[in-house]
Amino acid sequence: FDTGASDITISATEAIFLYKQGKLSDNDIKGVREYEIADGTIAEGTIINLKRVRIGNKTLENVEASVMHNLSSPLLMGQSALSRFGRITVDYNRNEIRFD
């Protein structure tokens, strides 16, 4: 969960897993983009289309994501998905995120 990230971000390892399961195809690869990381460095990512993103009982379709070009990038839920949920409430005391 990263409100500062522009896209959902996954590692190359996760992308390979999705590809092997048939959940990501060659048609879902859209190109390459450079991203500025929080520490100021620039990293290249491959832009993909995720057919479905499911969180709890909510499902989003056709969400832009980026595959970072290393095997251990963290999974980030960025604005390409978060902005489509509308209102989001974070309760730090209960460790809960609510998508209203």
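In which strand does Val-67 lie? Keep that question in mind as you go through the legends below, which accompany close-up views of a predicted model.

**Figure 1. The whole chain at a glance, with two helices and six strands.**
Start at the N terminus and follow the elements of the chain, which come in the order β-α-β-β-β-α-β-β. Measured out along its principal axes, the C-alpha trace covers about 40 × 35 × 20 Å. The radius of gyration of the chain is 14 Å, which agrees with the value near 13 Å that a compact globule of 100 residues would have. Of the 100 residues in the chain, 32% are buried. Among contacts with a separation of 6 or more, 49% join residues that are 24 or more positions apart.**Figure 2. Val-67 in its surroundings.**
Here is the reply to the opening question: Val-67 belongs to strand 4, which covers residues 58–68. Is Val-67 buried or exposed? Val-67 counts as buried, because its relative accessibility is 8%. Thr-9 is 58 residues away from Val-67 in sequence, yet the two C-alpha atoms are 5.9 Å apart in space. Once neighbours within four places in sequence are set aside, the contacts of Val-67 include Ile-10, Ser-11, Ala-12 and Ala-15. Glu-44, Gly-45, Thr-46 and Ile-48 are also in contact with Val-67.

**Figure 3. Ser-11, a buried residue of strand 1.**
Strand 1 spans residues 8–11, and Ser-11 is found in it. With a relative accessibility of 3%, Ser-11 counts as buried. Which residues does Ser-11 touch, not counting those up to four places away in sequence? They are Val-67, Met-68, Asn-70, Leu-71, Ser-72 and Ser-73. You have already met one of them, since Val-67 also has Ser-11 among its contacts.

**Figure 4. Asp-28, in a loop and buried.**
Look for Asp-28 in the loop that runs between helix 1 (12–20) and strand 2. Its relative accessible area is 6%, so Asp-28 is buried. Leaving out residues up to four places away in sequence, Asp-28 touches Lys-23, Ile-47, Ile-48, Asn-49 and Lys-51. Ala-15 makes a handy reference point: Asp-28 and Ala-15 are 13 residues apart in sequence, and their C-alpha atoms are 11 Å apart in space.

**Figure 5. The one aromatic pair of the structure.**
How many aromatic pairs does the structure hold? There is one, and it is formed by Phe-85 and Phe-99. The rings sit 4.4 Å from centre to centre with 40° between their planes, which makes the pair tilted. Phe-85 comes from helix 2 (residues 79–85) and Phe-99 from strand 6 (residues 96–99), so the pair ties together parts that are 14 residues apart in sequence. Both partners count as buried, with a relative accessible area of 9% for Phe-85 and 17% for Phe-99.

**Figure 6. The largest pocket and its lining.**
The largest pocket holds about 360 Å³ of space. Its lining is made up of 19 residues, and those closest to the centre are Thr-9, Glu-36, Ile-37, Met-68 and Leu-76. Which strands each supply at least two residues of this lining? Strand 2 (29–36), strand 3 (42–55) and strand 4 each do. Sorted by class, the lining has eight nonpolar, seven polar and four charged residues.

**Figure 7. Asn-62 and its positive phi.**
Asn-62 is not a glycine, yet its phi is positive, near 55°. Where is the place of Asn-62? Asn-62 is in strand 4. Its relative accessibility of 48% means that Asn-62 counts as partly exposed.

**Figure 8. Asn-95 and its positive phi.**
Asn-95 has a phi of about 55°, a positive value, although Asn-95 is not a glycine. You will find this residue in the loop between strand 5 (88–91) and strand 6. Is Asn-95 buried or exposed? Asn-95 counts as exposed, because its relative accessibility is 71%.

Terms used. Residues are numbered from 1 along each chain as its sequence is written. This is a predicted model: local features need pLDDT of at least 70, side-chain atom pairs count only at pLDDT 80 or more; totals for chains, interfaces and linings use all residues. Side-chain values use heavy atoms; hydrogens and water are left out. Helices (H or I, at least four residues) and strands (E, at least two) are DSSP runs, numbered from the N terminus. Buried means under 20% relative accessible area, exposed over 50%, partly exposed in between (1.4 Å probe, protein chains only). Contact means heavy atoms within 4.5 Å. Rings of Phe, Tyr and Trp (its six-membered ring) pair if their centres lie within 6.5 Å; planes under 30 degrees apart count as stacked, over 60 as edge-to-face and the rest as tilted. On a 1 Å grid over the protein atoms alone, a cavity is a set of points where a 1.4 Å probe fits but cannot get out, and a pocket is an open set with protein on both sides within 12 Å along at least five of seven lines; lining residues have an atom within 4 Å of a point. Grid points are joined across faces, edges and corners, and a volume is the space filled by probe spheres set on the points. Ala, Val, Leu, Ile, Met, Phe, Trp, Tyr, Cys and Pro count as nonpolar, Asp, Glu, Lys and Arg as charged, and the others, Gly among them, as polar. The radius of gyration is taken over C-alpha atoms; the globule rule is 2.2 Å times the number of residues to the power 0.38.
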